[in-house]
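Colleague: Could you walk me through this one? I'd like to go piece by piece, with the reasoning spelled out.

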Amino acid sequence: MERRTMRYVIGRPNRAARRAGSRWLAAVCWTAFGIGIVMSISVMLATSAYRNAESSETYPFQEGSGGVASSNGASADGFGQAPLPSPAGKPAAAGSKEKETYITVYLTKEQRTERVSMETYVRGVVAGEMPAEFELEALKAQAIAARTYIVRRLELDDHSGMPSSAAASRADVTDTVDHQVYIPLDKLKGLWPKDKQEANLAKLNKAVSETRGEIITYGGEPIQAVFFSTSNGYTENSEQYFQEQLPYLRSVASPWDKLISPRYQETVKLSFSDFYARLGLGGKKKPDIRVLDKTEGKRIADILIDGKTFTGREVREKLGLASSQFLWKLDGNSISFTTFGYGHGVGMSQWGANGMAEEGKSAEQIVTYYYTDTKVEQASKLAIKS
């Protein structure tokens, strides 16, 4: 039937054929018109989706191209020895429109910068600062702390600790322990055996995606979310290690570390000559050492060595000790120090966080335990630059 109608249209049709041909032609035209509309709509939708994909991030994350060697997780001290600046601005009104925030990271070894989204940056920091083998809720707590740190730094327009190079001057943060260790994907997979790469990466992505946008606040402002590897059984008040007393960095018990952390206790041995040289003292005989005062976190606050007073922090840093809670033993021409805990002790203990997670505590319960009287809120409530 269709082929016959086509013949009539092409040849010399009679009236019936003309009517049939007209009906066929109209049907063809309407069909073509409909197909054209559908194709136009499809093209517009595809173009819109492409543009949206370019301007926003979905999981899995968009990847950067650089990277540094890993700290292999659980660094001694989070955020180095930087001072604790106070926020200068006010938070934005609740309900303000959320927008993607980007971080420019200075890759120290490569001496160049890399611009990545907030959540990609947080994923790289969690990878650099905590072992992927930790419990998911501990990794989530680390993600919240890492995001809090960079949000606060952006809010303060803080560029402290940046190298003086031209490239570094354009960055927000370095990829080292001076700020937060950051590892992009191409370096990240090298941390793990091949059979664990996919699972570990998925675990990190889950830790970040399930806390997307969450930060820790006190009085409506992002806190200084310092952290460290292993406690001696207690965390420390901020003023015992840094200069500023902060109400959310108070000493709390952390009993989990002793049970599960491989860095809870260690011993180092120094010759007398090395010991005196590091402390800047001129003695050569057996030192006379006496503890003057201890902190609320059971660490050494002040100690007298051959008549000169040092803080526990000074001795720890000058001698390269794991903690400022230590015992010592004189043996011939050497001195041995046994330390308890690993890190400055202020803020969240990473191994303590893992112990809490093993007991079933959530990431929010972990961070609000270690950071006193704080809340977990969305960073979109705050005015931060992008």
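Colleague: Let's start with helix 4. How many residues does it have, and what does it reach from its first C-alpha to its last?

Modeller: Keep in mind that this is a predicted model. At 1.5 Å a residue, the expected reach for helix 4 is 30 Å. The model comes close to that: helix 4 has 21 residues and, from first C-alpha to last, reaches 30 Å.

Colleague: How many of the residues of helix 4 are buried?

Modeller: Buried here means under 20% relative accessible area. By that cut-off helix 4 is mostly covered. Of its 21 residues, the buried ones number 20.

Colleague: And which residue follows helix 4?

Modeller: The residue there has a positive phi, near 55°. The one that follows helix 4 is Asp157.

Colleague: What is the strand order in the open sheet with strands 4, 5 and 14?

Modeller: The pairing in this three-stranded sheet is antiparallel. Strand 5 (221-222) and strand 14 (375-378) are the edge strands, each pairing on one side only. Helix 4 (residues 136-156) packs on this sheet and touches strand 4, strand 5 and strand 14, with its direction at about 65° to that of strand 4. The strand order is 5-4-14.

Colleague: Which residue in strand 5 stands opposite Tyr218?

Modeller: Strand 4 (residues 214-218) and strand 5 are antiparallel partners, joined over two bridges. Opposite Tyr218 in strand 5 you'll find Glu221.

Colleague: On to the other open sheet, with the order 8-9-10. Which strands stand at its edges?

Modeller: This sheet has three strands, paired antiparallel, and the twist averages 25° from one strand to the next. An edge strand has a single partner, so one side of it is left without a neighbour in the sheet. The two in that position are strand 8 (289-294) and strand 10 (308-311).

Colleague: Is strand 9 largely enclosed or left open?

Modeller: Strand 9 (residues 300-305) pairs with strand 8 over five bridges and with strand 10 over four bridges. Five of the six residues of strand 9 are buried, so the rest of the structure leaves it largely enclosed.

Colleague: Which residue in the turn between strand 8 and strand 9 has a positive phi?

Modeller: These two strands form a hairpin with five residues between them. Lys294 stands opposite Ile300, and Ile289 has Ile305 as its bridge partner. The turn residue with a positive phi, about 70°, is Lys298.

Colleague: What about the hairpin of strand 9 and strand 10: which turn residue has a positive phi there?

Modeller: This hairpin has two residues between its strands, and Ile305 stands opposite Lys308 in strand 10. Phi is about 50° for the turn residue in question, Asp306.

Colleague: Which helix lies across strand 9 and strand 10?

Modeller: The helix covers residues 312-319 and runs at about 85° to strand 10. That's helix 10.

Colleague: Now the rings. How many aromatic pairs are there, and how far apart in the chain are Tyr121 and Tyr182?

Modeller: The count comes to eleven aromatic pairs. Tyr121 and Tyr182 are one stacked pair, 5.5 Å centre to centre with 20° between the planes. Tyr121 is in helix 3 (residues 118-129), while Tyr182 sits in the loop between strand 3 (173-174) and helix 6 (185-188). In sequence they are 61 residues apart.

Colleague: Why do Tyr121 and Tyr182 count as buried?

Modeller: The cut-off is under 20% relative accessible area. Tyr182 counts as buried because its value is 1%, and Tyr121 is buried with a value of 0%.

Colleague: Why is the pair of Phe134 and Trp351 classed as it is?

Modeller: The ring centres are 4.7 Å apart. Phe134 lies in the loop between helix 3 and helix 4 and Trp351 in helix 11 (residues 350-358), so the pair ties together parts 217 residues apart in sequence. Planes over 60 degrees apart get the class in question, and these are at 70°, so the pair is edge-to-face.

Colleague: Last one: which ring does the charged end of Arg263 sit over?

Modeller: There's also Lys298, which lies over the face of Tyr234 at 5.4 Å from the ring centre. For Arg263, the charged end is 3.8 Å from the centre of its ring, and that ring belongs to Tyr342.

Notes: Residues numbered from 1 in each chain as written. Predicted model: local features only at pLDDT ≥ 70, side-chain atom pairs only at ≥ 80, totals over all residues. Heavy atoms only, no water. Pairing = 2+ DSSP bridges. Contact = heavy atoms within 4.5 Å. Axes fitted to C-alpha atoms, helices over the stretch in contact; angles between N-to-C directions. Phe/Tyr/Trp six-rings, centres within 6.5 Å; stacked < 30°, edge-to-face > 60°. Buried < 20%, exposed > 50% of the residue type's maximum accessible area, 1.4 Å probe, protein only. Lys NZ or Arg CZ within 6 Å of the ring centre and 35° of its normal. Expected span 1.5 Å × (residues − 1).
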